[in-house]
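Hello,

Here is the structure we spoke about handing over. Please look through it first; my notes follow below.

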Amino acid sequence: MLSKFSMRLFLPLLFLTITAAGFAQNQPGLKLWYTTPSGQTWENALPVGNGRLGAMVYGNVPRETIQLNEHTVWSGSPNRNDNPDALAALPEVRRLIFEGKQKEAEQLANKAMITKKSHGQMFQPVGNLNLTFDGHENFTDYYRELDIERAVAKTSYTVNGVTYTREVLASFPDQVIVMHLTSSKRGSLAFSASYSTQHTKPAIKTTIANELTIAGTTSDQDGVKGMVRFKGITRIKTDGGTIVANDTTLIVKGANAATVYISIATNFNSYKDISGDENARAETYLSKAYPKNYAAILTPHVAAYQKYFNRVGLDLGSTEAANLPTNERLKNFRTANDPQLVTLYYQYGRYLLISSSQPGGQPANLQGIWNNKMRPPWDSKYTININAQMNYWPAEKTNLAELHEPFLRMVSDMSETGQETARVMYGARGWMAHHNTDIWRATGAIDGALWGMWVAGGGWTSQHLWEHYLYSGDKKFLASAYPILKGAATFYVDYLVEHPKYHWLVVTPGTSPENAPSAHGGSSLDAGTTMDNQIAFDVFTTTIRAAELLKQDAAFVDTLKLMRSKLPPMHIGQHGQLQEWLEDIDDPNDKHRHISHLYGLFPSNQLSPYRTPELYSAAKTSLIHRGDVSTGWSMGWKVNWWARLQDGNHAYTLIQNQLTPLGANKEAGGGGTYNNLFDAHPPFQIDGNFGCTSGITEMLVQSADGSIHLLPALPDAWPTGSIKGIRAIGGFEVVNMEWNGGKLMKLDIKSNLGGNLRVRSPNALKAGKGVALKQAAGPNPNPFYITENTPAPIISTKVNMTPPALKETVLYDMATQPGKVYTLVAQ
């Protein structure tokens with residue numbers, strides 16, 4: 001059931017002028033395909049999902065595994081994890097940091113601020129549905145695929161001259177997982193089906209109605225009792241043959257075809273309510289779906305999926321390399337010319353977001369909605385110092401705005417739970433969160449001060465609300481989101497303190513996430529880190545803008561403007577780098593995966609080649625120092641940074657590094673990609689998939705810096721291509737953009753809100769008859785494209801800054817009317 005907040009988000013999207021059927025994808029089929037089964041390797045299996053249910057399809061022959069997830073199967077139960085001792089310790093922690101005793105401050109924070117309760121709960125699997133096919137050990141003509149144009153996984157093979165085919169989908173309209181099995185010879189389909197699970201004390205049985213059921217309760221964790229109850233029901237419908245049951249297995253014999261229906265539900269209603277009836281829910285989903293045959297399930301499923309997927313099309317061309325199985329293409333990508341693999345990977349990111357994040361559901365977590373471990377890495381929860389946000393970078397720009405809703409609703413939930421954290425731990429008004437949360441929306445500090453004493457989780461996640469407004473222009477949504485933005489800003493108003501040496505207002509304790517410089521004794525804690533300053537700047541700026549648009553809180557706006565003016569400016573250090581800390585202590589040999597001080601370059605827009613050239617050059621120096629190869633998600637972020645730095649070839653190098661089989665990147669900490677194209681930190685983290693999809697979009701179109709910049713970072717590897725359906729700030733939609741030989745040839749762009757259209761092009765353009773296209777000058781009059789002035793940096797006397805060398809561009813303005821499409825072509 002959608003909350004009032006999510007309804008306010010979702011309903012305005014219904015009138016978005018997007019093409020549901022879209023247009024045919026004109027490249028070779030968008031499929032991941034293989035000629036060998038997964039074996040026992042989970043990262044070889046293929047994911048399907050409908051936002052609520054997820055399944056990993058192994059494609060094994062004699063013993064098939066369908067590994068099952070449901071989005072609310074989490075350990076624990078409603079709980080809080082604030083440490084009330086924090087408030088008394090806060091002045092002493094701050095004193096130690098200001099005196100340069102960061103390690104002592106960290107030790108005190110570990111004792112008095114880090115939680116003594118839950119360090120976060122775990123996303124857990126339901127179990128497996130296991131299918132056994134006796135006599136199928138020797139097979140030929142094996143093939144399996146995931147068709148991401150239809151959201152269907154398929155396996156086929158031949159045994160004794162009979163071809164067997166299986167299809168698996170997670171139905172969006174019917175909310176069940178369905179598997180359809182056929183054979184080329186009548187009466188030859190036979191198999192048994194049973195559940196297995198890692199949960200303790202599960203109830204697995206068959207019923208007199210020939211249903212296979214599984215029921216269980218999630219785990220206790222960190223002293224929090226597991227109280228999420230789940231129920232799974234499997235029912236099989238055959239064409240011919242028989243179904244019999246023993247205690248825990250359904251057995252099909254002599255069938256021509258069979259359809260397996262899997263329904264799963266829990267008692268979870270919300271982060272504070274687990275009073276639902278999992279049995280009734282699972283039965284209701286199943287009873288509505290079971291009367292339908294496979295075709296009646298498949299057709300509306302594909303239509304519901306394509307409503308989202310077909311909005312965007314990317315064509316970078318194709319070569320013979322695309323004719324190989326996906327795992328071989330991955331292995332070859334570093335040295336092969338295979339642009340269609342980039343297209344596949346790009347659209348796979350959109351597929352994964354559609355499949356793991358649907359309105360009314362939970363947000364995509366560290367593994368989306370797919371996990372086979374009872375104790376998954378980092379609990380497969382929400383790490384909100386980068387990873388959860390990265391999951392949603394593609395949402396607005398790749399025309400999946402409705403799928404942002406679960407994340408925005410989680411931010412709304414945290415704005416409720418985080419009020420008590422702000423008050424109890426810091427004596428502050430408003431709301432805040434530290435670096436992690438979970439399904440129970442816990443906002444306390446976890447893991448240890450090195451990681452957990454980062455206070456910007458609320459500030460950063462709240463910016464997604466503003467981003468949604470910038471793309472949609474929906475003032476009703478902005479009015480509903482404003483209290484959340486205001487609450488995040490109010491926390492900073494109370495938390496910021498004056499630095500005794502520099503007299504700026506600083507966040508302390510704070511961190512530059514997870515990086516602990518030797519100059520601070522190996523402690524991450526500090527005052528006024530660059531990322532903390534940048535996030536505080538954004539929180540104040542967006543709250544000011546929202547309040548002014550809504551004509552609210554004039555006195556509060558004045559307070560925010562005054563406090564924003566007292567934040568530390570960014571610093572350029574002795575190596576020409578953007579400093580990560582107030583002191584010039586960056587190590588050029590530091591290869592840390594987090595480069596948090598570049599938040600201002602992306603996802604924020606505080607750094608610009610045109611407005612802040614010195615800071616822009618310094619950010620490039622910092623990025624070069626950190627190197628290319630890193631964890632999978634870090635390389636995904638770097639694609640976005642190099643796109644913002646307008647270096648398409650370097651961004652493409654990062655895509656090559658990311659699209660490398662795990663283990664092939666030999667550098668320390670080097671991640672890559674698994675055979676099923678899941679991102680490898682390692683282990684699997686889905687944020688790298690989403691980050692790279694965002695980055696590829698940023699290489700082709702950007703709209704964060706006062707204009708719509710076309711082909712800002714086009715690599716030599718993509719001389720010709722087209723993209724359709726992506727969105728820009730201010731309600732603009734790129735209906736179609738084509739380029740050839742690196743030159744922009746044609747742009748069809750729709751204006752949903754009207755207003756000035758400012759485009760930055762790599763070459764001269766002309767408009768059709770009756771359209772006034774003029775050279776642009778001065779600030780963009782479109783209010784969605786206002787950019788806040790970034791304070792001038794403090795630059796080390798040891799460095800001489802040189803302005804960045806930028807490619808020549810042409811800047812145009814054009815008045816637009818709501819609902820109209822405008823065409824620009826190369827001169």
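**Salt bridges**

Arg626 and Glu580 form a salt bridge, with their closest N and O atoms 2.6 Å apart. Arg626 belongs to helix 16 (residues 613-626), while Glu580 sits in the loop between strand 24 (571-572) and helix 16, so the pair ties together parts that are 46 residues apart in sequence. Both Arg626 and Glu580 are buried. Please keep in mind throughout that this is a predicted model.

In total, 33 salt bridges were counted. Another of them joins Arg409 to Glu405, where the closest N and O atoms are 2.7 Å apart. These two residues are separated by about one helical turn, because they stand four residues apart in helix 10 (residues 405-426). Arg409 and Glu405 are both buried.

The side chains of Asp147 and Arg150 also meet in a salt bridge, at 3.7 Å from N to O. Asp147 has a relative accessible area of 5%, so this residue counts as buried. Arg150, at 27% relative accessibility, is partly exposed. There is also a network of salt bridges, which links Glu92, Arg95, Glu99 and Lys101.

**Helix 10**

The helix that holds Arg409 and Glu405 has some further points to note. Helix 10 is made of 22 residues, and the distance from its first C-alpha to its last is 30 Å, close to the 32 Å expected at 1.5 Å a residue. There is a bend of about 35° in helix 10 at Thr417. Of the 22 residues of helix 10, 18 are buried, so the helix is mostly covered. Gly427, just after helix 10, has a positive phi of about 65°.

**Asn756**

The last residue I looked at is Asn756, which lies in strand 33 (residues 755-761). Is Asn756 buried or exposed? Its relative accessible area is 14%, and Asn756 is therefore buried, the cut-off being under 20%.

Leaving aside residues up to four places away in sequence, Asn756 touches Phe732, Asn780, Pro781, Asn782, Asp813, Met814 and Ala815. With one of these, Asp813, Asn756 makes a polar contact from side chain to side chain, at 3.2 Å. Ala215 is 541 residues from Asn756 along the chain, and the C-alpha atoms of the two are separated by 57 Å.

Regards

Key. Residues are numbered from 1 along each chain as its sequence is written. This is a predicted model: local features need pLDDT of at least 70, side-chain atom pairs count only at pLDDT 80 or more; totals for chains, interfaces and linings use all residues. Side-chain values use heavy atoms; hydrogens and water are left out. A salt bridge is a side-chain nitrogen of Lys or Arg within 4 Å of a carboxyl oxygen of Asp or Glu. Buried means under 20% relative accessible area, exposed over 50%, partly exposed in between (1.4 Å probe, protein chains only). The expected span of a helix is 1.5 Å times one less than its number of residues. The bend at a residue is the angle between axes fitted to the seven residues ending there and the seven starting there. Contact means heavy atoms within 4.5 Å. A polar contact is a pair of N or O atoms within 3.5 Å; within protein, one must be able to donate a hydrogen and the other to accept it, and residues adjacent in sequence count only if both atoms are side-chain atoms.
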